[in-house]
Structures are given as structure tokens and as C-alpha cells.
Amino acid sequence: MGYVEETNELKLDFKKITRMIGQEVIPVAIQNVNTKEIILVAYTNEQAMLESIKLRRLVLWSTSRNELWYKGKTSGNEFELIEILVNCEQNSLVYKVRPLKGNICHTSYKGVANNCFYRRIDMESMRLVNLKEENE
């Protein structure tokens, strides 16, 4: 893992979208249909969305690698696509998914994969707090 994933310093990447110029993508929030938890926010393009629908599995567009991202291809942590919601302006989506194995993030806590929203901002100190450590 990298520094950003492990630190408790707040280092938000406000330039992410500007680095994606030329890519025809929209954001997609991934929600666990069972727990209602938002487990990831990523991007999709038309090709990835159609592949997801065809396979009924979570397929996204990797903006850093410029390729289809078959979630679980390397980790084994696959997600069944249950439903797709479209926002009012048709420029973002919510994918409701059912985990078939594991969590969604490349990070882990004590050897168990996280979901991507595993930290919260302490609004007093402006530091990040790991939710799992907070609950121990």
C-alpha cells in the first residue's frame, strides 16, 4: 500500500478529475445491497457498464490504467451486479452489488480486506481516524 492509504494525514486529491481529461467516464458509487454501505466510488464508461450488465458482475473503468477493471480478477473478491440507479442528470450511477467473496478495497486491516471508506475525518483535528481502530 502507499502512503495515502496508510496515513492519518488528510491529503485529498482535488486534481484527480483534471488528470482524467479525454476519458469519457462518469462516477459510480458502489453500494453493498445487503448492508447499504457505500464500499467504493469509481468510474465507468459505456464499455465497462455494458460489460457489467452482460456479466452481471462488477466491471469498472480504470482511469489510471485506461482499461477495463474486472473487480476480483486478481483478488478473487467478485461482486454480483444486482441493480443500477441513474441520477437525475444522467451523469452518475449507483451500482447495487452483492459481495460473492471478501471486501472491495486493496487495503486491509489485520489481514482482512477493507471496504474503501474505512476512515473518517475528525473535524476538530482534521486528521483521519480508522473506523476499525476506533471501534476496538
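This section describes the confidence, nonpolar cores, salt bridges and selected surface features of a predicted model.

The predicted chain has an average pLDDT of 86, and 88% of its residues score at least 70. Confidence varies along the chain: helix H2 (residues 46-55) has the highest mean, at 97, whereas strand S7 (residues 108-109) has the lowest, at 64.

The largest nonpolar core comprises 12 residues, namely Val 28, Ile 30, Ile 39, Leu 40, Ala 42, Leu 58, Leu 60, Phe 79, Leu 81, Leu 93, Tyr 95 and Val 97. Four strands each supply two or more residues to this core: S1 (26-32), S2 (38-44), S5 (79-86) and S6 (93-99). A second core, separate from the one above, contains 7 residues, among them Met 20, Val 25, Ala 48 and Trp 61. Within the largest core, Leu 81 is one of the members. When residues up to four places away in sequence are excluded, the contacts of Leu 81 are Ser 52, Ile 53, Arg 56, Arg 57, Tyr 95, Lys 96 and Val 97. Of these partners, Tyr 95 and Val 97 also belong to the largest core.

The model contains 6 salt bridges, including two that connect strands S5 and S6. In one of these, Arg 98 pairs with Glu 80, with a separation of 3.5 Å between the closest N and O atoms. Because Arg 98 lies in strand S6 and Glu 80 in strand S5, this pair ties together parts that are 18 residues apart in sequence. Both side chains belong to partly exposed residues, as the relative accessibility is 31% for Arg 98 and 25% for Glu 80.

In the other, Lys 96 is bridged to Glu 83, the closest N and O atoms lying 3.8 Å apart. Lys 96 is placed in strand S6 and Glu 83 in strand S5, so the pair ties together parts that are 13 residues apart in sequence. The two residues fall into separate accessibility classes: Lys 96 counts as buried because its relative accessibility of 19% is under the 20% limit, while Glu 83, at 37%, is partly exposed. Lys 96 is also among the residues touched by Leu 81.

A further salt bridge joins the side chains of Arg 65 and Glu 67, with an N to O distance of 3.0 Å. Here, too, both partners are partly exposed, Arg 65 having a relative accessible area of 45% and Glu 67 a relative accessibility of 37%.

On the surface, Ile 38, Val 41 and Phe 117 make a nonpolar patch of about 250 Å². Phe 117 is situated in the loop between strand S8 (112-113) and strand S9 (119-122). The relative accessible area of Phe 117 is 44%, so this residue is classed as partly exposed.

Another loop residue, Glu 9, is located between helix H1 (3-6) and strand S1. Glu 9 has a relative accessibility of 32% and therefore counts as partly exposed. The C-alpha atom of Glu 9 is separated by 6.0 Å from that of Leu 128, although the two residues are 119 residues apart along the chain.

Notes:
Residues numbered from 1 in each chain as written. Predicted model: local features only at pLDDT ≥ 70, side-chain atom pairs only at ≥ 80, totals over all residues. Heavy atoms only, no water. Patch = residues over 30% accessible without salt bridge, like charges linked within 9 Å, V, L, I, M, F, W, Y side chains within 5 Å. Areas by Shrake-Rupley, 256 points an atom, 1.4 Å probe, with all protein chains shown as cover. Salt bridge = Lys/Arg side-chain N within 4 Å of Asp/Glu carboxyl O. Buried < 20%, exposed > 50% of the residue type's maximum accessible area, 1.4 Å probe, protein only. Core = buried A, V, L, I, M, F, W, Y, C linked by side-chain atoms within 4.5 Å. Contact = heavy atoms within 4.5 Å. pLDDT = per-residue confidence, 0-100.
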